[in-house]
Amino acid sequence: MTDQLVADYDVVVVGGGAAGLNGALVLARARRSVAVVDAGAPRNAPAHAAHGLLARDGISPAELLERGRVEVRGYGADVVSGEVREAVRVDGGFSVVLADGRATRARRLLVTTGLVDELPDVPGLRERWGRDVLHCPYCHGWEVRDQAIGVLASGSTSVHQALLFRQWSEDVVFFTHTAKPLAAEDAEKLAARDIRVVAGEVAGLEVVGDRLAGVRLTDGTVVEREALAVAPRMVARAGFLAGLGLRPEEHPSGVGEHIPADTGGRTAVPGVRVAGNVTDLSAQVGNAAAAGADAALQINAELVAEEVDRAVAARRDPFSAELEAQVCELVAGDRRHGL
């Protein structure tokens, strides 16, 4: 990436993941001046590969993003390494200030900063995250198919998560950990799908040869497992939007916080759109990229409408600078001819 920022852009994209880069690609191809500011900490960095992405299934997250940066720069956009500290409204647009003091201005903002996965306080989870400690069956289920899978009760969606992973393996164990007792309906569902329920608090993981071997309870019992599914609490990376009065809100599902938006990523703040996991907590790479493109289309349409309105107003205004220049030229010509 480059570290160069110019003074003004049509659009500053905050976040250089799939949503941000795809949005920037669409905008740059529309001949907009675009800067992508990326802190370099993608959510899926711990994962070995990205899946479910047509024609790119299995590509490493790092390679996918590098290819995206090359494509975006190829259309004239700037891709800048840095973290946005704040964004505020100025003169009908926005001032964007980075943590190192660099600053720029933009007519529109596209926020694609993603989210942070907050994991349960169990020793070893973070170190194995994205490897054999997982969360999404559609992202990782094929890779752990037919293995001994555990599901740690860590949120309101944990039972649903266990039922999903059962699609990929007949050997699924549900660890109640510190969760409330199972509702009768949930217990019946798990039993009907032959998902064994193990009561007791989880103390940590057993790892052998850099591979998950089991889940250890506080009483010392070890349940052999090759993969462990966890439902993290997901929190949008959006603190820098506070100066615009835009703050994360609890998602209706209860699994975390997001920036609410309507179709096309429009937020409560005019001129600010969001795409990807910062607003859609369940979006996979393909969904995030598509949302980035959709938001970019809406932004360009807004800018076109704004420019057309300005051009029409200038044409109608008898005192516009353009007409004034034409009148001055005519007057000067008359004087040259002695009129």
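Partly exposed here means a relative accessible area between the buried limit of under 20% and the exposed limit of over 50%. All the close-ups below come from a predicted model.

**View 1. Val116, on strand β7, sits between buried and exposed.** Val116 belongs to β7, the strand covering residues 115-118. Its relative accessible area is 36%, so it counts as partly exposed. If you skip the neighbours within four places in sequence, Val116 is in contact with Arg233, Met234, Val235 and Arg237. Gly256 is worth a look too: Val116 and Gly256 are 140 residues apart in sequence, yet their C-alpha atoms are 9.7 Å apart in space.

**View 2. Helix α7 checks out against a ruler.** This helix takes in residues 285-316, which makes 32 residues. At 1.5 Å a residue it should span 46 Å, and its end C-alpha atoms are 47 Å apart, so the two figures agree.

**View 3. Here is what the buried residues of α7 pack against.** The buried residues of α7 are Val285, Ala288, Ala289, Gly292, Ala293, Ala295, Ala296, Ile299, Asn300 and Leu303. An α-helix has 3.6 residues a turn, so residues three or four places apart point the same way. The packing partners of the buried α7 residues include two helices, α1 (18-29) and α2 (61-74). Strands β1 (8-14), β6 (103-111) and β19 (272-274) are also packed against them.

**View 4. The largest nonpolar core draws on several strands.** It has 26 residues, and Val12, Leu109 and Val272 have the most contacts inside it. Two or more core residues come from each of β1, β2 (34-38), β4 (84-90), β5 (93-98), β6 and β19. A second, separate core has 21 residues, among them Leu25, Ala77, Ala296 and Leu303.

**View 5. Zoom in on Val272 and its contacts.** Which residues does Val272 touch, once neighbours within four places in sequence are left aside? The list is Phe94, Leu109, Val111, Leu244, Leu246, Gly265, Arg266 and Thr267.

**View 6. Three strands make an open, antiparallel sheet.** The order is β12-β13-β14. On the edges are β12 (202-208) and β14 (222-224), each pairing on one side only. Ignoring direction, neighbouring strands in this sheet are turned by 30° against each other on average.

**View 7. Now for the pairing of β13 with β14.** Strand β13, residues 211-217, pairs with β14 in the antiparallel sense over three bridges. To find your bearings, start at Val215: its bridge partner in β14 is Val223.

Technical notes. Residues are numbered from 1 along each chain as its sequence is written. This is a predicted model: local features need pLDDT of at least 70, side-chain atom pairs count only at pLDDT 80 or more; totals for chains, interfaces and linings use all residues. Side-chain values use heavy atoms; hydrogens and water are left out. Helices (H or I, at least four residues) and strands (E, at least two) are DSSP runs, numbered from the N terminus. The expected span of a helix is 1.5 Å times one less than its number of residues. Buried means under 20% relative accessible area, exposed over 50%, partly exposed in between (1.4 Å probe, protein chains only). Contact means heavy atoms within 4.5 Å. A nonpolar core is a set of buried Ala, Val, Leu, Ile, Met, Phe, Trp, Tyr and Cys residues joined through side-chain atoms within 4.5 Å. Two strands pair if DSSP finds at least two bridges between them. Axes are lines fitted to C-alpha atoms, for helices over the stretch in contact, and angles run from 0 to 180 degrees between N-to-C directions.
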